[in-house]
Amino acid sequence: MKYIVPLKIDYDKKLCKAFINSSKLDFLELEKNQKWHNNVKITDDLKKHFGEISNYLKDKILILTLFPNKQIKIHADGAGTTKDNTYNVSINFPVENCTEDTITHFWDFEDEREIKYIHHEKLGTREIIDKNLLMLKQNYVFKNKAALFRNEYPHSVSNKCKDLRLMLSWRFKPEYSWKEAIEICKDLKLI
């Protein structure tokens, strides 16, 4: 439970796909520019569909696109434009083409010491300090279950899928830690 926790959330993939389609993303342009995530304002329909958990989540959701046979290098999500709006936890919802051909890899230090970052506030990114010392610790395959995802931990994605993989990643508000997000999910009987 250090990096990812499967959740018991019953959700409608067709509704999620319709939400993605309504965003009018140009997938060809995204692939050309090697852009794999896009922030989109959450709709009332989607918020209502997911129920009470949505009260703890941001008003934007990330549409994650992974193009056929493309890889994502080691990185840590969650960098805001200031340290005050950096988030560390999300719920990731598999929507389409989430198969054994696409694996998320979690990386950590051998001694599991704290991960430290350099925040680049103007860019809205954070750089992992001593990234070259990280070791592979866990592999995870997203299929049909939503999962609580610890964004601040370094991770990468290997992908042999021949189709576009689509996921939604809904971030918890920045004030919630990993432990707090787990407790919230337990209270809502999602774990």
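This report walks through a predicted model, starting with its sheet and moving on to helices and loops.

## The sheet

Let's begin with the strands. Six of them make up an open sheet with antiparallel pairing, and reading across it gives the order β1-β10-β5-β12-β3-β2. The two edge places go to β1 (4-6) and β2 (37-41); each has a single partner strand, so one side of each has no neighbour in the sheet. From one strand to the next, the twist averages 25°. As general background, strands of a sheet pair through backbone hydrogen bonds, and they can do this in a parallel or an antiparallel way.

Now look at the β2 end. Here β2 pairs with β3 (residues 60-66) over five bridges, in the antiparallel sense. If you'd like a spot to find on screen, try Asn-38, which stands opposite Ile-63 in β3.

## Two helices on the sheet

Helix α1 covers residues 13-22 and lies across four strands: β2, β3, β5 (89-96) and β12 (165-171). Its direction is at about 95° to β5. Helix α4, made of residues 178-187, also packs on the sheet, where it touches β1, β5 and β10 (147-150). The direction of α4 makes about 170° with that of β10.

## The two sides of α4

Which residues of α4 are buried? They are Trp-178, Ala-181, Ile-182, Ile-184 and Cys-185. These residues sit on the same side of α4, because the arc they cover around the axis is only 160°. Among the elements that cover them are β1, β5 and β10, the strands that α4 touches as it packs on the sheet.

Turn to the other side of α4 and you'll find Lys-179 and Asp-187, both exposed. Just past the helix, have a look at Lys-189: this residue follows α4 and has a positive phi, near 60°.

## Two loop residues with positive phi

Lys-24 isn't a glycine, yet its phi is positive, at about 60°. You can find Lys-24 in the loop between α1 and α2 (27-32). Is Lys-24 buried or exposed? With a relative accessible area of 70%, Lys-24 is exposed, since the cut-off for that label is over 50%.

Asn-69 is another residue that has a positive phi of about 60° without being a glycine. Its home is the loop between β3 and β4 (72-75). The relative accessibility of Asn-69 is 42%, so this residue counts as partly exposed.

Conventions
Residues numbered from 1 in each chain as written. Predicted model: local features only at pLDDT ≥ 70, side-chain atom pairs only at ≥ 80, totals over all residues. Heavy atoms only, no water. Pairing = 2+ DSSP bridges. Axes fitted to C-alpha atoms, helices over the stretch in contact; angles between N-to-C directions. Contact = heavy atoms within 4.5 Å. Buried < 20%, exposed > 50% of the residue type's maximum accessible area, 1.4 Å probe, protein only. Arc of directions from axis to C-beta.
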